[in-house]
Amino acid sequence: MKRLVLAILIGVLALAEAGPALAQAADDTLVVAQAEEGRRRTLFDLLFGEEPQPAPQVQQTQPRAQPQPSAAPAPAPPPAAPAIDKAADATRLAVFGDSLAIDLTKALERFYAEDPNLVVIGQGVSSSGFVRDDFFDWNAAIAEQIAADSFDIAVVIIGINDRQEITANGQTYEPLSDGWNTVYQGRINAFLGQLRAARKPVIWMGLPPMARSQYSAAINQISALHRMAAFSGGAEFIDIFDRFADQEGKYAAYGPDVNGQNALMRKDDGIHYSAAGSDKLAFYISQSMRTFYRGGRVSVAVVDPLQGTDAASMLRPPYQGLGQIRLLEVAGAVTPLSRAPDRATDLVVNADFREVAPAFPLEQLIQAPVGRVDAFGLGIVPGEDDAPNAGEAQ
């Protein structure tokens, strides 16, 4: 029995001398309880208790930090395109108009950046238009530019500031009233008349739909006045309304860009173009520029499909603009079905029309003279009374 008690005491003593205990804290840190070093427990301590000892020191071990993935190096920006020097005799494309012209100038500079034979000149003036000539007179400005011979081709985009009263000859007219239209058209016609007299090709940009419906309706009417003035003034008019509208013909902030991808076309104000929208305008202008610009030279020759024909000598409606479909020249003027056709002897010709062949009586259209392909062996001999029998076959 004594041996059993002694064995139990020895086993308890061995467990008491085991290494430091480990514990898991709530925050997943490893807690190590270290026993007092340098003192061994005795059998007396187990039987009669230990003397008070200082509390064991608890050591907190910090969790091992997880390695952070290294950030991928940022790709190097593409090298800037080398600036191309413009030729000394490069074609000068001037952009006239309001704040729309300022944005369009930047887009045209991007479009023709690699063309050494064309330089873009910005002539846009913010808040300007044809109504407030007391703020900025475009007719006086274009006269100065023409006199200075500062450009070769003109691009015009203007009108977003023109929905306001117009004053002329001491009278003030409400926007888009009859008197307003008369004065406004007169100023536009005078502007285009100066360019036409100076033989400067003109590309006139139409206006797009606007975000506010009432404002958009007014701008659409102003753009229609621009169209009529451009047609009568021999300018190339580019109608872009449908290209910046939705399927219902209303304002659309997004649309296809020059690459066919859906992009933001307009700025937040619902009036101006974004960079992508201005680039789209520049592309349309480049297509019309083919009429005048051939990589270094400018031509203002008007191509007439009826030149050299008898129809060219007839009076025709006014020329309807360069590059447009010339329906009035090819097919003639449209007349009502109820109108009786004019007789050939009543056709009006130009005063300077020169006859290239001697005239003959209309009776000869029925009685073919000898030698004509429709005589068929019969015909008349000029100067003989028995014309029907004079051409019998012998």
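What follows is a conversation about a predicted model, with questions on why its parts are described as they are.

Colleague: Let's start with the overall picture. What does the protein chain contain in helices and strands, and how much of the chain is buried?

Modeller: The protein chain has 8 helices and 12 strands. Of its 394 residues, 31% are buried. As for contacts with a separation of 6 or more, 64% of them are between residues 24 or more positions apart.

Colleague: How do you know that the span of helix H3 agrees with its number of residues?

Modeller: Helix H3 runs over residues 99–111, which is 13 residues. At 1.5 Å a residue the expected span is 18 Å, and the end C-alpha atoms are 19 Å apart, so the two agree.

Colleague: What makes Asp 98 a cap for H3?

Modeller: A side-chain oxygen of Asp 98 lies 3.0 Å from the backbone nitrogen of Leu 100, at the N-terminal end of H3. A polar contact needs N or O atoms within 3.5 Å, and 3.0 Å meets that, so Asp 98 is called a cap.

Colleague: Why is Ser 99 called buried?

Modeller: Ser 99 has a relative accessible area of 16%. Buried means under 20%, so Ser 99 qualifies. Ser 99 lies in H3, and its side chain makes a polar contact of 2.7 Å with the side chain of His 272. Leaving aside residues up to four places away in sequence, Ser 99 touches Val 125, Ser 126, Ile 160 and His 272.

Colleague: Which other residues of H3 are buried, and what do they pack against?

Modeller: The buried residues of H3 include Leu 100, Ala 101, Asp 103, Leu 104, Thr 105, Ala 107 and Leu 108. The partners of the buried residues are strands S4 (91–97), S5 (118–124), S6 (153–157) and S9 (202–205), together with helix H7 (275–289).

Colleague: On to helix H4. How do you know that its buried residues are on the same side?

Modeller: The buried residues of H4 (residues 138–148) are Trp 138, Asn 139, Ala 141, Ile 142 and Gln 145. They cover an arc of only 160 degrees around the axis, which puts them on the same side of H4. An α-helix has 3.6 residues a turn, so residues three or four places apart point the same way. Glu 144, Ala 147 and Ala 148 are exposed on the other side of H4. The cover over the buried residues includes S4, S5 and helix H5 (178–197).

Colleague: And what happens at the two ends of H4?

Modeller: Asp 137 caps the N-terminal end, with a side-chain oxygen 3.2 Å from the backbone nitrogen of Asn 139. After H4 comes Asp 149, with a positive phi near 50 degrees.

Colleague: Now the rings. How many aromatic pairs are there, and why is the pair of Phe 96 and Trp 138 called edge-to-face?

Modeller: The whole structure holds 12 aromatic pairs. The ring centres of Phe 96 and Trp 138 are 6.1 Å apart and their planes are at 90 degrees, so the pair is edge-to-face. The cut-offs are centres within 6.5 Å and planes over 60 degrees apart. Phe 96 lies in strand S4 and Trp 138 in helix H4, so the pair ties together parts 42 residues apart in sequence. Phe 96 is buried at 2% relative accessible area, and Trp 138 counts as buried at 4%.

Colleague: What makes Phe 130 and Phe 191 an edge-to-face pair?

Modeller: Their ring centres are 5.3 Å apart and their planes are at 80 degrees, so the pair is edge-to-face. Phe 130 is in the loop between S5 and H4 while Phe 191 is in helix H5, so this pair ties together parts 61 residues apart in sequence. Phe 130 and Phe 191 are both buried. They form one aromatic cluster with Trp 180, Tyr 184 and Trp 204.

Colleague: Why is Leu 176 called partly exposed, but Arg 199 exposed?

Modeller: Leu 176 has 22% relative accessibility, which falls between the limits of 20% and 50%, so Leu 176 counts as partly exposed. Arg 199 has 57%, over the 50% limit, and is therefore exposed. Leu 176 sits in the loop between strand S8 (171–173) and H5, and its phi is positive, about 65 degrees. Arg 199 is in the loop between H5 and S9, with a positive phi near 60 degrees.

How values were computed
Residues are numbered from 1 along each chain as its sequence is written. This is a predicted model: local features need pLDDT of at least 70, side-chain atom pairs count only at pLDDT 80 or more; totals for chains, interfaces and linings use all residues. Side-chain values use heavy atoms; hydrogens and water are left out. Helices (H or I, at least four residues) and strands (E, at least two) are DSSP runs, numbered from the N terminus. The expected span of a helix is 1.5 Å times one less than its number of residues. Buried means under 20% relative accessible area, exposed over 50%, partly exposed in between (1.4 Å probe, protein chains only). Contact means heavy atoms within 4.5 Å. A polar contact is a pair of N or O atoms within 3.5 Å; within protein, one must be able to donate a hydrogen and the other to accept it, and residues adjacent in sequence count only if both atoms are side-chain atoms. The arc is that of the directions from the helix axis to the C-beta atoms. Rings of Phe, Tyr and Trp (its six-membered ring) pair if their centres lie within 6.5 Å; planes under 30 degrees apart count as stacked, over 60 as edge-to-face and the rest as tilted.
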